Amino acid sequence: MESNRNRLIALLEENKDQYISGQKLSEQLNISRSAIWKHMKELEKDGYEIEGKSRKGYRIISFPDKLSENTLQWGLKTKWLGKTIIHRESIDSTQFLAHQTARDGAAHGTVIIADEQTKGKGRMNREWHSAPGKGIWLSMILRPQLLPYLAAQLTLLAATVLADVVNEHIGVRPQIKWPNDILINGKKTAGILTEMQAEQDQIQYVVIGMGINVNQAEVELPENISYKATSIRAESGKEWDIKELIQQILQTFEHAYESYIENGFPEVKEKWESYGFKIGEMIDIKTMQDEWRSEFLGIAEDGALLATDREGHETKLYSAEIKWFEDGNENAEDK
Ligand code: BT5
């Protein structure tokens with residue numbers, strides 16, 4: 001059920017060109033006038049600017065830029081994803097809190113979001129830079145009824161969702177570097193980290209972490225990665241409303257996830273390959289055991305990387321890094 005808080009915001013929004021009396025609000029929401037007044041104070045704390053005039057009532061002047069559970073949920077058109085949002089101004093990593101919350105029984109679709117992460121992490125415990133207020137740092141908890149080996153497909157699904165949002169909402173066509181990097185003009189603007197807790201034949205929960213550089217100016221990107229990292233702002237030439245982008249991501253993800261659960265992986269594979277970076281080209285592949293030059297053929301029916309082995313035969317890889325060469329410069333991991 002919609003909360004009183006959200007219904008109150010809806011009423012203020014509908015009446016934003018006029019005053020609405022405390023009496024009318026209290027009748028519509030069926031709560032006391034003093035409860036209305038308390039809600040108004042809470043809204044002000046969340047950054048809503050509300051004017052109250054005696055004998056006239058209340059009028060909303062502006063909505064906050066600041067993220068909060070309320071501002072994120074207001075206008076969010078999802079059925080289950082983000083019905084519970086936990087927002088923190090600063091956190092070590094949204095992944096840590098997501099695991100803890102999931103272990104405590106959080107529902108499928110719970111989302112953890114922070115303005116800043118002090119220990120943001122990438123895969124294999126790499127560092128993920130998460131500047132305050134400049135990007136989207138979120139983790140979602142999912143409880144899919146899937147066999148554990150299929151969880152890797154969710155990473156690919158998440159990558160197509162981010163690519164679709166960048167393509168359709170920002171209007172810039174991104175590429176996906178296998179398995180999880182979203183590139184704009186060849187530079188990384190987002191990364192995905194999927195972690196799970198599972199038994200042999202059952203997933204308890206999956207945490208999908210998404211990190212997206214949104215409003216960093218080019219000079220604000222950390223120096224050691226600036227040659228290979230970018231932000232949506234740097235590539236589109238303007239700043240974006242982070243709350244709106246989060247909502248787009250959650251809406252698009254919910255839709256894509258439902259379709260994946262119903263129809264399986266083929267649609268995801270097709271979409272992924274439509275954004276796939278360097279498909280049909282030569283890349284350098286690095287696994288735990290080996291490193292070689294290979295042709296990138298695409299992704300397999302199960303989501304594995306399809307490439308040629310040292311002998312030129314098609315091979316499937318489930319865990320590998322890909323590198324590529326541009327103008328003779330290696331674009332690989334940090335030095
Ligand atoms: C990833 O790892 O790309 C996964 C990133 C997931 C981050 C999200 S944020 C919300 C949630 N909470 C977390 O703590 N994490 C998740 P990987 O493919 O291993 O890439 C990591 C590498 O990307 C680093 O070693 C750097 O080279 C580079 N990098 C670090 N921060 C970056 C940034 N902000 N933008 C672009 N590249 C970055």
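Which residue in β9 is the bridge partner of A190? I looked that up before anything else today, and I found I212. The rest of my notes follow from there.

**Entry 1: how far to trust the model**

I am working with a predicted model. Its pLDDT averages 92 over the protein, and 96% of the residues score at least 70. I marked residues 327-335 with a pencil, since the pLDDT there is below 50. That stretch still has 21 contacts in the model beyond near neighbours in sequence.

**Entry 2: the sheet**

I traced an open sheet of 7 strands, and I wrote its order down as β3-β4-β5-β9-β8-β7-β6. The pairing is mixed. Which strands stand at the edges? They are β3 (85-91) and β6 (175-177); each has a single partner strand, so one side of each is left without a neighbour in the sheet. Going from one strand to the next, I get a twist that averages 20°.

I then went to the β3 end. β3 pairs with β4 (residues 111-117) in the parallel sense, over 6 bridges. Within this part of the sheet I picked out I85, whose bridge partner in β4 is V111.

Next I checked what packs on the sheet. Helix α8 (residues 242-263) does, and it touches β4, β5 (135-142) and β9 (202-213). The direction of α8 makes about 30° with that of β5.

**Entry 3: two hairpins**

I came back to the strands around A190. β8 and β9 run antiparallel and are joined by 10 bridges. The two strands form a hairpin with 2 residues between them, and the A190 to I212 bridge I began with belongs here.

How many bridges pair β7 with β8? I noted 3, in the antiparallel sense, between β7 (residues 181-184) and β8 (residues 187-199). I184 stands opposite K187 in β8. This hairpin also has 2 residues between its strands, and N185 takes a positive phi near 50°.

**Entry 4: the helices at the N-terminal end**

I moved on to α1, α2 and α3. The axes of α1 (residues 4-14) and α3 (residues 33-45) come within 11 Å and cross at roughly 80°. The two helices are therefore roughly perpendicular to each other. On the α1 side I listed N4, R5, L8, I9 and L12, and on the α3 side H39, M40, E42 and L43. Sorted by class, this contact has 5 nonpolar, 2 polar and 2 charged residues.

At what angle do α2 and α3 pack? It is about 100°, with the axis of α2 (residues 22-29) 9 Å from that of α3, which makes α2 roughly perpendicular to α3. Here α2 brings G22, Q23, L25, S26 and L29, while α3 brings R33, I36 and M40. By class I count 4 nonpolar, 3 polar and 1 charged residues. I underlined M40, which is listed in the contact with α1 and in the contact with α2.

**Entry 5: what the record says**

I checked UniProt, where the entry is unreviewed, and it lists residues 22-41 as "DNA-binding region". In the model this span is 85% helix and 0% strand, and its end C-alpha atoms lie 13 Å apart.

The unreviewed entry in UniProt also lists residues 70-261 as "domain: BPL/LPL catalytic". I find 31% helix and 28% strand in that span, with the end C-alpha atoms 29 Å apart.

Notes
Residues are numbered from 1 along each chain as its sequence is written. This is a predicted model: local features need pLDDT of at least 70, side-chain atom pairs count only at pLDDT 80 or more; totals for chains, interfaces and linings use all residues. Side-chain values use heavy atoms; hydrogens and water are left out. pLDDT is the predictor's confidence in each residue, from 0 to 100. Contact means heavy atoms within 4.5 Å. Axes are lines fitted to C-alpha atoms, for helices over the stretch in contact, and angles run from 0 to 180 degrees between N-to-C directions. Helices (H or I, at least four residues) and strands (E, at least two) are DSSP runs, numbered from the N terminus. Angles under 35 degrees count as roughly parallel, over 145 as roughly antiparallel, 65 to 115 as roughly perpendicular and the rest as oblique. Ala, Val, Leu, Ile, Met, Phe, Trp, Tyr, Cys and Pro count as nonpolar, Asp, Glu, Lys and Arg as charged, and the others, Gly among them, as polar. Two strands pair if DSSP finds at least two bridges between them. UniProt positions are given in the numbering used here, feature names are shortened, and annotations may be inferred rather than shown by experiment.
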